[in-house]
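I opened this notebook to record what I looked up in one protein structure. The entries run from the overall picture to single residues.

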Amino acid sequence: MRISAILLKGSASSSRWIARQSRDPYVKSRSGSGTGSNGQAAYRSRSSFKLVSIANKHPILVPGKTKTVIDLGAAPGGWSQVVANLLSKGKARKQNEHLKIFALDILGMEPIPGVEVIKGDFLSEEVRQQLREKTRKPYLSQNSEEMIGNEEYSARTDRQDDEEEGIVDCVLSDMMAPMTGNRTRDVGLSLQLCAAATVFARDTLKKAKKGDEIIKKDGGKKIWPGGNLVIKFFAHPDMDEFRSLELDPWFGKVVVEKPKESRSESSEAYWVCLGFKGDPATQ
Ligand SMILES: C[S@@+](CC[C@H](N)C(=O)[O-])C[C@H]1O[C@@H](n2cnc3c(N)ncnc32)[C@H](O)[C@@H]1O
């Protein structure tokens, strides 16, 4: 089943799909059965340190370069704190005065300076549309009269086509539905959240252009042209299939990370997708 079908048919269908896959003998054979007083950042969640770990290893959040970030499944706000902290400290604060961080969750959360919090269910198209529109502001959604004479607006309207393609530098998804204990259903829900985050990232991420080069950072890390995506998933053979069909062809590089902060008994891991290239059919 392709991404479009997973999204169109909803969680009941994706659970049924997983259930069917589990009964399929072929599939069965495949599967084999903030800053604290000590000067260290103080974050709201254990999960924050997973993002710190991923960001230390991969250039997903680059001070001065990364300007728009979307944090999905953000409550209680640990990942947004990490993003705000990484991208607006020291010199980066000046370089990044246009930094925008949007934090979305079905649950409410306490405010974080520099972060716009949105409460809503990401599986609702209305909520996703609201978020898409916000990422375009102020360049496309505001009354143009207000923007006349605004230097940044003029520079941006010259690149309107690019904006239509996407202006987001990084989409992060730590979304996880409450576990039911029913593996088929849990993997189905995770797949549905992954599919929704992937489609949203394709609509909103900046796309690498032909001729854009990979930049080498100090320490030999490569900074890929195009936006980045990080998604939590639950290990399952169907997730491998999702990655190879829906992520690998769209990005410069995709790796699986299991940060040491993630409990070893948990089957969660993260796809780190670097350098959005756009639709493979048009590359
Ligand atoms: C592991 S927690 C995120 C922790 C967060 N990254 C942090 O560091 O504070 C997973 C979050 O996903 C959210 N979530 C699950 N399904 C969602 C949905 N359909 N829409 C929005 N948020 C969702 C949950 O409410 C929960 O807060």
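The entries below follow the order in which I consulted the model.

**Entry 1: overall content.** I noted at the outset that the model is predicted. I counted the secondary structure as 11 helices and nine strands. I then looked up burial for the whole protein: of its 283 residues, 35% count as buried.

**Entry 2: the sheet.** I asked in what order the strands of the open sheet run. I found seven strands in the order β3-β2-β1-β4-β7-β9-β8, and the pairing is mixed. The edge strands, each paired on one side only, are β3 (115–119) and β8 (251–257). I also recorded the turn between neighbouring strands of this sheet, which is 15° on average with direction ignored.

**Entry 3: strand pairs.** I went through three of the pairings in turn.
- I found β1 and β4 running parallel, joined by four bridges; Asp-71 stands opposite Leu-172 in β4.
- I found four bridges again between β4 and β7, in the parallel sense; here Leu-172 has Val-230 of β7 as its bridge partner.
- I found β8 antiparallel to β9 (residues 268–276), with six bridges between them; Val-254 is bridged to Cys-273 in β9.

**Entry 4: burial of β4.** I asked which residues cover the two faces of β4. I recorded Cys-170 and Leu-172 on one side, with Val-171 and Ser-173 on the other, and all of these are buried.

**Entry 5: the nonpolar core.** I looked up the largest nonpolar core, which has 60 residues. I noted Leu-72, Val-83, Val-171 and Ala-197 as the residues that touch the most other members. Elements that each supply at least two residues include α4 (78–87), β1 (68–72), β2 (100–105) and β4 (170–173). The helix α10 gives the most, with 10 residues. I then listed the contacts of Leu-72 beyond four places in sequence: Leu-104, Phe-122, Val-171, Leu-172, Ser-173, Met-175 and Ala-197.

**Entry 6: helix α3.** I asked which residues of α3 are buried. I found Ser-48, Lys-50, Leu-51, Ile-54 and Ala-55. Viewed down the axis of α3, these buried residues fall within an arc of 155°, so they line one face of the helix. I recorded α4, β7, β8 and β9 among the elements that cover the buried residues of α3.

**Entry 7: Lys-232.** I consulted the UniProt record, an unreviewed entry, which places the feature "active site" at Lys-232. I located Lys-232 in strand β7 (residues 228–234). Is Lys-232 buried or exposed? I count it as buried, because 22 C-beta neighbours lie inside 10 Å and the cut-off for burial is 20 or more. Leaving aside neighbours within four places in sequence, I found Lys-232 in contact with Ser-173, Asp-174, Met-175, Met-176, Glu-268 and Tyr-270. Ser-173 and Met-175 also appear in the contact list of Leu-72.

**Entry 8: a cis peptide bond.** I recalled that most peptide bonds are trans. I found the bond from Ala-75 to Pro-76 to be cis, with omega near 5°. I placed Pro-76 in the loop between β1 and α4. Both β1 and α4 are listed in Entry 5 as suppliers of the core.

Note on methods. Residues are numbered from 1 along each chain as its sequence is written. This is a predicted model: local features need pLDDT of at least 70, side-chain atom pairs count only at pLDDT 80 or more; totals for chains, interfaces and linings use all residues. UniProt positions are given in the numbering used here, feature names are shortened, and annotations may be inferred rather than shown by experiment. A residue is buried if 20 or more other C-beta atoms lie within 10 Å of its own, exposed if 12 or fewer, and partly exposed in between; C-beta atoms are placed from the backbone. Two residues are in contact if their C-beta atoms, placed from the backbone, lie within 7 Å. Two strands pair if DSSP finds at least two bridges between them. Axes are lines fitted to C-alpha atoms, for helices over the stretch in contact, and angles run from 0 to 180 degrees between N-to-C directions. A nonpolar core is a set of buried Ala, Val, Leu, Ile, Met, Phe, Trp, Tyr and Cys residues joined through C-beta atoms within 7 Å. The arc is that of the directions from the helix axis to the C-beta atoms.
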